[in-house]
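Visitor: I would like a close look at a single residue and the helix that carries it. Please start from that one position and then work outward to the charged and aromatic pairs elsewhere in the chain.

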Amino acid sequence: MQFALPSNLQNELLAYDPTLKVLAQQAKPKTTKKSKYPLGNIPHLIPHNVVRESDQQAAIDHINQQKAPDRYRVFTTPVDVATPQARLKVIAILYHYEQVWYAAWLPPKQEADQYVYGHGYAFKNTSAAAKTAPHHIWTSKDKCIEHEGTRGVQTFTYSINITKGDIESSEGSGWRAYRWQACNLHCQKGREIRDHCVRPYEASLREDMPTWSDSRGLFERMRCKNIFDAADIPPLMAKCLDVEQGLTVDNLLNAAIEFNKNPTFPSSTLCVLERISHIISKPAIKKLLQAELDRCVLAYNDTGNTQRKPITQGFRTFVHVIDSIDWVNRLWPDCPLDHYQTYYKELRYIRLSQVRTNSISTSSNAFVGWLREHMPVASMFTILRKYLEAYGLKGIDPEVGYARMGFYELNDTFSMAIRILDHGKELMPPKRWRINEFHDYVQAESWKIQNPNESLRQDLFPEPIRVTRNGETWSFFQPVDSHQLAMWGQAVRNCVGSASHYADDIKKRKHFIVLCMIDGKPTFTIQLVVDMGLMSVKQIAGVANQRLTDEQREAYTEAFREVLQQREKQLQSA
C-alpha cells in the first residue's frame with residue numbers, strides 16, 4: 001500500500017527520503033565563497049618610503065585575483081617632469097611566480113648613497129611550496145622572518161638592501177645572479193612577467209649606476225676597483241700585481257715570478273710570462289708589448305668611454321702575442337731575439353697558439369725534434385710573412401679590436417706530420433719550405449697511413465703509352481695502386497688520391513682513371529666511362545683542377561685518339 005505525500009509534507013520529511021534529498025541538493029545553487037587571498041596576504045616586502053603601504057596592499061589584492069601570467073605589479077614615478085623627456089620610471093616591482101612572491105626596488109633619493117637596490121621574497125610553509133619553490137629560497141628559512149598566517153600556515157619573508165660594498169667584494173659575486181629574477185621566466189607562463197615587469201625594472205636600475213654599455217652584466221663596471229679588474233685580468237693574477245705600478249710589462253712579469261714561487265692554482269698566463277722573461281725583457285720587445293697595455297690604460301682613463309671592450313682588448317692582445325712568442329720559443333729555444341721584433345706583426349696578427357705541435361714541453365717529442373733538425377726558425381717566420389701577405393686581414397675580431405687570422409693550413413700540416421712520425425714512418429724534409437707544397441706532401445703520406453695500399457686495375461693501359469706532338473712527349477697510364485694515385489693527387493693538387501670512391505670505382509670497373517704527363521710533368525687527370533661501345537670523358541682537369549682551354553682540349557683529344565690506336569695495335573698483335 002502506498003501514499004502520495006503532499007508537497008509541504010515532502011519537504012518536511014526530506015531528511016528521511018534519500019532520493020529526494022539528493023535531488024534537492026543538486027537543485028540548490030553552489031554558494032562556495034572564493035578566497036580573497038589564494039596566494040596569501042603577505043607582509044609588505046617593499047619599504048614604505050619607496051612604495052606606500054596602501055599601494056602595496058592594493059597590488060597584493062590585485063595579484064591574488066589574476067591568472068599566473070598576469071600576477072605582477074609595476075610601481076612607477078614621474079621623472080624629468082616639465083621637459084620633453086618626461087616619463088614614468090619603474091621604482092619597484094612585485095610579482096608571484098611558482099609559489100613565491102618576489103619584490104625588488106630602487107632606493108629613494110634620500111637613501112641613494114646608502115644602497116644600490118633592494119630585493120625580497122616571501123613564501124608559505126606548505127608542501128606545494130616545498131616542491132616548487134627554488135631550492136635556495138626554500139632552504140633559507142633560518143634567515144627569514146616567520147609570520148603566523150591563516151589556518152596556522154606560516155609565511156616566511158626575507159628582504160635586504162644591497163650596497164656598493166656588497167657588489168664590489170669578492171664575497172658579493174653572487175649578487176650577479178640577480179635574485180629578483182625567478183627561475184624559468186623565459187617559459188610561456190613567465191614571459192609576461194619577464195618582459196613587462198622584470199626587464200623594465202632592470203632598465204631603471206641601469207640608469208642609477210655606472211654600467212658597461214657592451215656588457216650584459218649589470219654590476220661588472222661597479223665591481224671594477226682598478227684597471228686590473230676593468231681589463232678582466234684573472235683574479236689570481238691580479239692579486240699578485242702592484243696597484244701602484246699600474247698595468248706594465250714589468251709589473252706583470254714580477255707578478256708571474258712571485259706567483260710561480262708557490263702557485264695555489266695553475267695560471268697559464270703567469271707561467272708563460274716567466275718562461276719567456278728573457279725575451280719580453282728585451283727593451284725593443286717590451287716597448288711593443290707595453291704599447292698594447294697602454295691601449296687599456298688610455299681607454300680606462302677616458303671619462304667618455306662607456307664600453308669595456310676597449311679596455312680588455314689591449315690586455316688580450318698582450319696575452320695573444322706572448323702566447324705566440326712562447327709557441328716559437330718552445331719549438332726553437334735558440335731563436336734569435338731580433339726575430340721577435342722583426343716579425344712582431346706576424347706574431348700579433350696570426351693565431352700561432354692554435355697550431356698543434358703535440359707536447360712541445362719535452363725534447364723527446366718526435367715532431368719537435370724533427371722540426372728543430374730540418375726547419376730553420378727563419379723559414380717559419382718567412383712562411384708566416386708570406387701567408388699574411390697572400391691572404392690579408394679581413395673583418396674585426398672583437399676580442400682584440402683588430403683583424404687577425406688563424407693559420408689553418410699550418411695547423412693541418414703539423415697535425416698530419418705528427419701522425420706520420422707517431423706511426424714510425426719517415427718524413428722527408430722539403431727542398432724548400434713552402435707551406436702549400438709541404439702540406440700536399442704530408443697529406444699524401446698521412447693518407448697512406450689511414451688507407452692501406454691496394455692494387456688497381458690497368459685494363460686500358462697495362463703499360464704507359466707515349467706519343468709525340470709538336471715536340472712534346474705525352475704519356476698516358478693508369479695508376480698501379482692506390483698509393484700511386486694519392487701521390488698523383490698530391491702532384492696535381494686535386495682530390496683524386498684522397499677521395500676513396502675513385503679507387504673503389506676503379507676496382508668495381510665503374511670507370512677508368514687515366515693520368516697524363518707532358519714531358520715528364522703531371523698535367524691532366526682524366527675520368528673515362530664506357531657505354532654502348534663508346535668511351536667518353538666524364539671529367540678532365542689540369543693542375544689544381546683547372547679547366548682546359550680550347551687549345552688544350554683539342555691537343556688532348558688528338559693525343560688520346562692516337563694512344564687508343566696504338567693500344568688497338570698492341571691487342572691485334574698479341
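Guide: At 0% relative accessibility, T317 counts as buried. This value, like the others below, comes from a predicted model. T317 is found in helix α14. Leaving aside residues up to four places away in sequence, T317 touches E292, R295, R348, V400 and Y402.

The helix around T317 is mostly covered, since 18 of the 23 residues of α14 are buried. From its first C-alpha to its last, α14 reaches 33 Å, close to the 33 Å expected at 1.5 Å a residue. As background, an α-helix has 3.6 residues a turn, so residues three or four places apart point the same way.

Next, the charged pairs. The loop between α13 (283-301) and α14 (309-331) holds R308, and the loop between α7 (188-207) and α8 (227-230) holds E220. The side chains of E220 and R308 meet in a salt bridge, with 2.9 Å from N to O. This pair links distant parts of the chain, 88 residues apart. R308 is buried, with a relative accessible area of 14%, whereas E220 is partly exposed at 25%.

K282 forms another salt bridge, with D338, and here the closest N and O atoms are 2.5 Å apart. K282 lies in the loop between α12 (277-280) and α13, while D338 is in helix α15 (residues 337-342); the pair links distant parts of the chain, 56 residues apart. K282 is buried at 18% relative accessible area, and D338 is partly exposed at 47%. The cut-off for buried is under 20% relative accessible area, so K282, at 18%, falls in that class.

R194 and D195 also form a salt bridge, the closest N and O atoms being 2.8 Å apart. R194 counts as buried at 19% relative accessibility, while D195 is partly exposed with a relative accessible area of 30%. Elsewhere, salt bridges that share partners join D80, R87, K89, E207 and D208 into one network. The count for the model comes to 26 salt bridges.

The aromatic residues come next. The count of aromatic pairs is 32. One of them is formed by Y343 and F381, which are stacked, with 4.6 Å centre to centre and 15° between the planes. Y343 lies in the loop between α15 and α16 (344-349) and F381 in helix α18 (residues 377-391), so the pair ties together parts that are 38 residues apart in sequence. Both rings belong to buried residues: Y343 has 14% relative accessibility, and F381 has a relative accessible area of 0%.

Ring pairs also link W327, W332, F367, W370, F414, W433, F438 and Y441 into a cluster. W327 falls within the range 309-331 given for α14.

Two further contacts place a charge over a ring. The charged end of R221 sits over the ring of W212, 4.5 Å from its centre. The charged end of K189 sits over the ring of Y97, 5.4 Å from the ring centre.

To return to the starting point, T317 is buried at 0% relative accessibility, and its contacts include R348 and Y402.

Technical notes. Residues numbered from 1 in each chain as written. Predicted model: local features only at pLDDT ≥ 70, side-chain atom pairs only at ≥ 80, totals over all residues. Heavy atoms only, no water. Salt bridge = Lys/Arg side-chain N within 4 Å of Asp/Glu carboxyl O. Buried < 20%, exposed > 50% of the residue type's maximum accessible area, 1.4 Å probe, protein only. Helix = DSSP H or I, 4+ residues; strand = E, 2+ residues; numbered from the N terminus. Phe/Tyr/Trp six-rings, centres within 6.5 Å; stacked < 30°, edge-to-face > 60°. Lys NZ or Arg CZ within 6 Å of the ring centre and 35° of its normal. Expected span 1.5 Å × (residues − 1). Contact = heavy atoms within 4.5 Å.
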